[in-house]
Amino acid sequence: MLDYMYEKLKEQGKAFEVIDMDFSPNVPWLCMPQTAHEAKQKLGEAFRIEKVPSMVVIDPDGNVVTTEGVEIVNKDTDGDCFPWTPKPLYDLSTLEPEILGEMNDTVTCVLLCEGCDEATKAAMAEAMLPVAEEAFCAAKMSGCEAGMLFFTATETSDVVYQLRLSCELNEPTSTPQLVILDIPDSGAYYVFDGDDLSTENIRQFIEDYDNERLERKELQEDEEEAGEGQ
């Protein structure tokens, strides 16, 4: 898959290059010498490589875009989402490959509106975007990873369905719903109580989460997975 993506991005003139630490034979990209053991070790430590295979994506300024490069190759086989740089707001319905793997490690705020008309979907994205941009810019200026990821869910998908099931949100309706997922905290989640999802109310909901003023719930285990674990 990587061979295909590499050739396609190169044909399109994209600024994309692969540096292989394993000196794979007969590949079109760059490879480190087999004898460069010390350099390879230092790179592995710098990028905290804990599993093989791993692929780290780095931007032209030397910043790490994501350590989930293997997931990108598996999901975005055509490289359509290149250069995979972070965004303030994602659509959970079409989960971009660069964000895969991060939801389990980062608090996420999701605005579900699959059952809404197109005008409402657009209005919800517009309401969420300023809050997402504030958090995104603050993290970028501080040089830290984002403390919270932001999503809308505009269409039904396996990921969105599982989220509704785990958070006991029932079927989608014409009324948007807002939820904060804190999976690192033993699968905690928090549901917005109300119908007025304005930018200010979204911001207040997050502030209430930060100050522990919300009712804490825990994600429900998938029944099939629970059965397998017995």
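Buried means under 20% relative accessible area, exposed over 50% and partly exposed in between, with a 1.4 Å probe and protein chains only. D208 counts as buried because its relative accessibility is 17%. The legends below apply that cut-off throughout.

The model is predicted: local features need pLDDT of at least 70, side-chain atom pairs count only at pLDDT 80 or more, and totals for chains, interfaces and linings use all residues. Residues are numbered from 1 along each chain as its sequence is written, and side-chain values use heavy atoms, with hydrogens and water left out.

**View 1. The whole protein.**
The secondary structure comes to 7 helices and 10 strands. Helices (H or I, at least four residues) and strands (E, at least two) are DSSP runs, numbered from the N terminus. The C-alpha atoms fill a box of roughly 60 × 45 × 30 Å along the principal axes. Of the 230 residues, 37% are buried. Contact means heavy atoms within 4.5 Å. Take the contacts between residues at least 6 apart in sequence: 60% of them join residues at least 24 apart.

**View 2. The open sheet of 6 strands.**
The strand order is β5-β7-β6-β8-β9-β10, with mixed pairing. Two strands pair if DSSP finds at least two bridges between them. The edge strands, β5 (89-91) and β10 (217-218), each pair on one side only. Strands β8 (residues 177-182) and β9 (residues 188-191) are antiparallel and share 4 bridges. Within this pair, V179 has V191 of β9 as its bridge partner.

**View 3. Strand β6 and its two partners.**
Strand β6 is largely enclosed by the rest of the structure, because 6 of its 6 residues are buried. V107, C109 and L111 point one way, while T108, V110 and L112 point the other way. In a regular strand the side chains alternate between the two faces of the sheet. Strand β6 pairs with β7 in the parallel sense over 6 bridges. L112 has A153 of β7 as its bridge partner. With β8, strand β6 runs antiparallel, and 5 bridges join the two. Here T108 is matched with L181 of β8.

**View 4. Two helices against the sheet.**
Helix α5 (residues 158-166) packs on the sheet and touches β6 (107-112), β7 (148-153), β8 and β9. The direction of α5 makes about 100° with that of β6. Helix α6 (residues 199-210) lies across β6, β7, β8 and β9. The angle of α6 to β8 is about 30°. Axes are lines fitted to C-alpha atoms, for helices over the stretch in contact, and angles run from 0 to 180 degrees between N-to-C directions.

**View 5. D208 and Y209 in helix α6.**
D208 sits in helix α6, and so does Y209. Y209 is buried, with a relative accessible area of 15%. Leaving aside neighbours within four places in sequence, D208 is in contact with R213 and L214. On that basis, Y209 is in contact with V107, M148, I180, D182, Y190 and L214. The C-alpha atoms of Y209 and I49 are separated by 33 Å, with their positions 160 residues apart along the chain.

**View 6. T152 in strand β7.**
T152 belongs to strand β7. At 6% relative accessibility, T152 counts as buried. Not counting residues up to four places away in sequence, T152 touches L89, Y90, D91, L92, S93, L111 and A125. T152 and E207 are 55 residues apart in sequence and 19 Å apart in space, C-alpha to C-alpha.

**View 7. The second largest pocket.**
A pocket is found on a 1 Å grid over the protein atoms alone: it is an open set of points where a 1.4 Å probe fits, with protein on both sides within 12 Å along at least five of seven lines. The second largest pocket has a volume of about 1,200 Å³. Grid points are joined across faces, edges and corners, and a volume is the space filled by probe spheres set on the points. The lining has 34 residues, and V18, I19, S54, M55 and V56 lie nearest the pocket centre. Lining residues have an atom within 4 Å of a point. Elements giving two or more residues to the lining are β1 (19-20), α2 (37-46), β3 (57-58) and α3 (69-75). The largest share, 3 residues, comes from α3. By type, the lining divides into 24 nonpolar, 5 polar and 5 charged residues. Ala, Val, Leu, Ile, Met, Phe, Trp, Tyr, Cys and Pro count as nonpolar, Asp, Glu, Lys and Arg as charged, and the others, Gly among them, as polar.
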